[in-house]
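Colleague: Got a minute to walk me through this chain? I'd like the main features before I go back to the bench.

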Amino acid sequence: MEAQARGLLETEPLQGRDEDTVASADFSSMLSEEEKEELKAELVQLEDEITTLRQVLSAKEKHLVELKQKLGMNLMNELKQNFSRSWHDMQTTTAYKKTHETLSHAGQKATAAFSNVGTAISKKFGDMRRK
């Protein structure tokens, strides 16, 4: 009984299957004609508000583009700035610094190893010439 009562008071968001259940439920038979009309009016109002908000957003986006053009900002400049900022941010991370140090050290070791191999091969060729 307590579990059922608690279920009515849950504040967790709906899961996918819960949404499907609610979407497939037919609540219209539970509503009076007056309630249906109120909900339809509210639906129309919300759709009108959404349309208005889209128009306002579109106008603001156009204004933004105009301002950027006046300031000489274009998409390529923005991409360059974003890339530069992101590259700088990445280079300042601890993980990048540690990886850079490790790879740099490994590169130095590899260079030394190749140098030693080259020296050994040269020495072998020198020994082979003398024989």
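Modeller: Here is a quick tour of the helices, then the side-chain contacts and the surface. Keep in mind that this is a predicted model.

Colleague: Fine. How many helices and strands are there?

Modeller: Five helices and zero strands. Along the sequence the pattern reads α-α-α-α-α.

Colleague: How much of the chain counts as buried?

Modeller: Of the 131 residues, 0% count as buried. The chain exposes about 12500 Å². Carbon and sulfur atoms supply 59% of that area.

Colleague: Let's take α3. What is its reach from first C-alpha to last?

Modeller: α3 reaches 56 Å with its 38 residues. That is close to the 56 Å expected at 1.5 Å a residue.

Colleague: And what follows α3?

Modeller: G72 follows α3, and its phi is positive, near 80°.

Colleague: What about α4, how many residues does it have?

Modeller: Helix α4 covers residues 75-91, which makes 17 residues. Its first and last C-alphas are 24 Å apart, close to the 24 Å expected.

Colleague: Which residue caps the N-terminal end of α4?

Modeller: N74 does. A side-chain oxygen of N74 lies 3.2 Å from the backbone nitrogen of M76.

Colleague: Switching to charges. How many salt bridges does the count give?

Modeller: Two. In general, side chains of opposite charge can pair when their charged atoms come close.

Colleague: Start with K36. Which residue does K36 form a salt bridge with?

Modeller: With E33. Their closest N and O atoms are 3.7 Å apart.

Colleague: Why are those two placed to meet?

Modeller: Because they sit three residues apart in helix α3, K36 and E33 are separated by about one helical turn. That helix runs over residues 33-70.

Colleague: Is E33 buried or exposed?

Modeller: E33 is exposed, at 55% relative accessible area. K36 is partly exposed, at 23%.

Colleague: And the other bridge, what is the N to O distance between K68 and E78?

Modeller: It is 3.0 Å, between the side chains of K68 and E78. This pair links distant parts of the chain, with K68 in helix α3 and E78 in helix α4, ten residues apart.

Colleague: How accessible are K68 and E78?

Modeller: K68 is partly exposed, at 23% relative accessibility. E78 also has 23% and counts as partly exposed.

Colleague: Back to the start of α3 for a second. What does the side chain of E35 contact?

Modeller: A polar atom of the E35 side chain lies 2.9 Å from the backbone nitrogen of S32. E35 is in helix α3. Its relative accessible area is 36%, so E35 is partly exposed.

Colleague: New topic, aromatics. How many aromatic pairs come up?

Modeller: One. The rings belong to W87 and Y96, and they meet edge-to-face. The centres are 6.2 Å apart, with 75° between the planes.

Colleague: Why does that angle make the pair edge-to-face?

Modeller: Because planes over 60 degrees apart count as edge-to-face.

Colleague: Are those two rings' residues buried or exposed?

Modeller: In between. W87 is partly exposed at 39% relative accessibility, and Y96 is partly exposed at 24%.

Colleague: Last one. Which residues make the nonpolar surface patch?

Modeller: V117, I121, F125 and M128. The patch is about 410 Å².

Colleague: Where does I121 sit?

Modeller: In helix α5, residues 94-130. I121 is partly exposed, with a relative accessible area of 43%.

Colleague: Why can I121 be in a patch if it is only partly exposed?

Modeller: Because a patch takes residues with over 30% relative accessible area, and I121 has 43%.

Colleague: Great, that gives me what I need.

Note on methods:
Residues numbered from 1 in each chain as written. Predicted model: local features only at pLDDT ≥ 70, side-chain atom pairs only at ≥ 80, totals over all residues. Heavy atoms only, no water. Helix = DSSP H or I, 4+ residues; strand = E, 2+ residues; numbered from the N terminus. Expected span 1.5 Å × (residues − 1). Polar contact = N/O pair within 3.5 Å; in protein donor to acceptor, adjacent residues only side chain to side chain. Buried < 20%, exposed > 50% of the residue type's maximum accessible area, 1.4 Å probe, protein only. Areas by Shrake-Rupley, 256 points an atom, 1.4 Å probe, with all protein chains shown as cover. Salt bridge = Lys/Arg side-chain N within 4 Å of Asp/Glu carboxyl O. Patch = residues over 30% accessible without salt bridge, like charges linked within 9 Å, V, L, I, M, F, W, Y side chains within 5 Å. Phe/Tyr/Trp six-rings, centres within 6.5 Å; stacked < 30°, edge-to-face > 60°.
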